[in-house]
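Colleague: Please take me closely through one part of this model, the largest pocket and its surroundings. I would like the cut-offs stated along with the terms.

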Amino acid sequence: MRNWFLAGIAMAAGLAIAYVDSRPTWDDAGVTASALLISAFAVAAFAGRRPWLWALLVGAWVPAVEFGIDRHPASFIALVFAFIGAYVGHGVARLWRGRRRDLAPED
């Protein structure tokens, strides 16, 4: 159930980022890349598994929308930022879970 909720959040975040990025007056790739990285990081950290899935659910919308508008393949670079964020979030979650086990009192 939690994964479905996170999938909805990931897709909503990705769609919102893609919508803002596709506006004619928007010209700030750094903010778009940061938003993708942070969103994918957060979702993957909460999920703790399948970082590739979270990266795609967050990051695939920007190239899908941009490529549909002007057929410019450079928008696929957005996936790189989503994948970096998701894998770093996944790694942080694994470290956090391992640290909590190490600090837990023994029986």
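## The largest pocket and its surroundings

Modeller: Of the 107 residues in the protein, 33% are buried, where buried stands for under 20% relative accessible area, exposed for over 50% and partly exposed for what lies in between, with a 1.4 Å probe and protein chains only. The model is predicted, with pLDDT of at least 70 needed for local features and 80 or more for side-chain atom pairs, while totals for chains, interfaces and linings use all residues. Residues are numbered from 1 along each chain as its sequence is written, and side-chain values rest on heavy atoms, without hydrogens or water.

As a frame for the pocket, the protein has five helices and zero strands, these being DSSP runs numbered from the N terminus (H or I over at least four residues for a helix, E over at least two for a strand). The C-alpha atoms fill a box of roughly 60 × 25 × 20 Å along the principal axes.

The largest pocket has a volume of about 310 Å³. Of its 17 lining residues, the closest to the centre are Asp 21, Ala 29, Thr 32, Val 62 and Ser 75. The elements that contribute two or more residues to this lining are helix 2, helix 4 (61–70) and helix 5, and the largest share, four residues, belongs to helix 2. By class the lining holds nine nonpolar, three polar and five charged residues, with Ala, Val, Leu, Ile, Met, Phe, Trp, Tyr, Cys and Pro taken as nonpolar, Asp, Glu, Lys and Arg as charged, and the others, Gly among them, as polar. A pocket here is an open set of points, on a 1 Å grid over the protein atoms alone, where a 1.4 Å probe fits and protein lies on both sides within 12 Å along at least five of seven lines, and a lining residue has an atom within 4 Å of a point. Points are joined across faces, edges and corners, and the volume is the space filled by probe spheres set on them.

Helix 2 and helix 5 also appear together elsewhere. Ala 78, in helix 5, is buried at 10% relative accessible area, and its C-alpha is 9.7 Å from that of Ser 34, 44 residues away in sequence. On the surface, Leu 37, Ile 38, Ile 77, Val 80, Phe 81, Ile 84, Val 88 and Val 92 make a nonpolar patch of about 640 Å². The elements giving two or more residues to this patch are helix 2 (29–47) and helix 5 (78–103), with the largest share, five residues, coming from helix 5. Patch members have over 30% relative accessible area and no salt bridge, nonpolar side chains (Val, Leu, Ile, Met, Phe, Trp, Tyr) being joined within 5 Å and like charges within 9 Å; a salt bridge is a Lys or Arg side-chain nitrogen within 4 Å of an Asp or Glu carboxyl oxygen. Leu 37, in helix 2, is partly exposed at 31%.

Beyond helix 2, Arg 50 lies in the loop leading to helix 3 (51–59) and is partly exposed at 36%. Most residues other than glycine have a negative phi, whereas phi of Arg 50 is positive, near 50 degrees. Pro 51, in helix 3, is buried at 6% relative accessibility, and its C-alpha is separated by 7.5 Å from that of Phe 83, 32 residues apart along the chain.

Technical notes:
Accessible areas come from the Shrake-Rupley method with a 1.4 Å probe; for residues, only the protein chains shown count as cover.
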